Amino acid sequence: MQYLWLAIAWVLFGLVHSVFAASKVKQRAKTVMQSRYTYYRPAYSLLATITLLLVLYYHFSILPKLLWANSAAEKTIAVFLFIPAIIIMAISIKKYFMNLSGIDVLLKRPPTQPQLETTGLHRYMRHPLYSGTLLFAWSIFVWQPSLTNLISCICITMYTRIGIYFEEKKLLLEFGHAYKQYAKKTPMLVPGIK
């Protein structure tokens with residue numbers, strides 16, 4: 001039963017995260033909040049962080065049930081997946097942290113205009129933060145192939161894939177033909193794989 005609750009917790013996290021990130025919800029919040037709307041992003045980021053921490057707390061409170069005893073080779077593979085995952089995530093978070101978290105508003109920094117990113121990691125993949133996140137999650141499963149890790153990896157993968165679908169639509173609306181051309185030549189998640 002605890003595994004079902006874990007899957008439900010991930011689904012609820014995804015729903016909360018998606019609903020508050022939806023354009024219609026943001027427009028409604030803008031109308032209701034008016035001048036205080038500048039604080040929407042930091043509040044959203046705080047809510048997303050708290051709900052993620054609650055899901056992870058529940059995940060790690062479940063005693064791991066290994067699906068198989070992994071070998072030294074599998075642990076080595078896990079490390080080789082984990083290291084690039086951390087590097088990709090660190091680069092992405094460093095680049096986008098202020099804007100994505102909304103902290104720039106709290107620090108009274110002027111908002112930056114959105115622009116199509118095609119350099120750095122974006123030269124190789126359209127969604128490097130998602131790539132790093134998936135690589136990170138699955139490296140943990142390879143390190144410890146437990147049922148809880150498998151459930152979390154599947155949920156994170158499904159949520160990420162759904163999120164990419166909506167993100168791509170938003171980027172097409174925002175950047176039009178330029179994004180379409182960029183998407184034609186740049187893989188979504190894995191360099192070299194269209």
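Good morning. I begin with I87, which counts as partly exposed, at 46% relative accessibility. The structure I am presenting is a predicted model.

I87 lies in helix 4, which runs from 72 to 101. The residue is also a member of a nonpolar patch on the surface, together with V79, F82, I83, I86, I91, I140 and W143. The accessible area of these residues together is about 660 Å². Which helix gives the largest share of the nonpolar patch? That is helix 4, with 6 residues. Helix 6 also takes part, since helix 4 and helix 6 each supply at least two residues.

I turn now to helix 1, residues 2-21. Its 20 residues reach 28 Å from the first C-alpha to the last, close to the 28 Å expected at 1.5 Å a residue. The buried residues in helix 1 are Y3, L6, A9, W10, F13 and G14. They cover an arc of only 130 degrees around the axis, and therefore sit on the same side of helix 1. A general point applies here: an α-helix has 3.6 residues a turn, so residues three or four places apart point the same way. As for partners, the buried residues of helix 1 pack against helix 3 and helix 7.

Helix 7 is my next subject; it spans residues 147-175. At 1.5 Å a residue, its 29 residues should span 42 Å, and the end C-alpha atoms are 41 Å apart, which agrees. Buried positions in helix 7 include T148, I151, C155, I164 and L171. What do the buried residues of helix 7 pack against? They pack against helix 1, helix 3, helix 6 and helix 8, the last of these being residues 177-185. Helix 7 is followed by G176, which has a positive phi, near 55 degrees.

Within helix 7 I would single out E167. This residue is partly exposed, its relative accessible area being 24%, which places it above the 20% under which a residue counts as buried. Leaving aside residues up to four places away in sequence, E167 touches H127 and Y130. E167 and H127 are 40 residues apart along the chain, and their C-alpha atoms are separated by 9.5 Å.

Finally, I come to a loop residue. Q34 lies between helix 2, residues 23-33, and helix 3, residues 40-61. Its phi is near 50 degrees, a positive value in a residue other than glycine. Is Q34 buried or exposed? At 59% relative accessibility, Q34 counts as exposed, because the cut-off for that class is over 50%.

Thank you for your attention.

How values were computed: Residues are numbered from 1 along each chain as its sequence is written. This is a predicted model: local features need pLDDT of at least 70, side-chain atom pairs count only at pLDDT 80 or more; totals for chains, interfaces and linings use all residues. Side-chain values use heavy atoms; hydrogens and water are left out. Helices (H or I, at least four residues) and strands (E, at least two) are DSSP runs, numbered from the N terminus. Buried means under 20% relative accessible area, exposed over 50%, partly exposed in between (1.4 Å probe, protein chains only). Contact means heavy atoms within 4.5 Å. The expected span of a helix is 1.5 Å times one less than its number of residues. The arc is that of the directions from the helix axis to the C-beta atoms. Patches are made of residues with over 30% relative accessible area and no salt bridge: like charges are joined within 9 Å, nonpolar side chains (Val, Leu, Ile, Met, Phe, Trp, Tyr) within 5 Å. Accessible areas come from the Shrake-Rupley method with a 1.4 Å probe; for residues, only the protein chains shown count as cover. A salt bridge is a side-chain nitrogen of Lys or Arg within 4 Å of a carboxyl oxygen of Asp or Glu.
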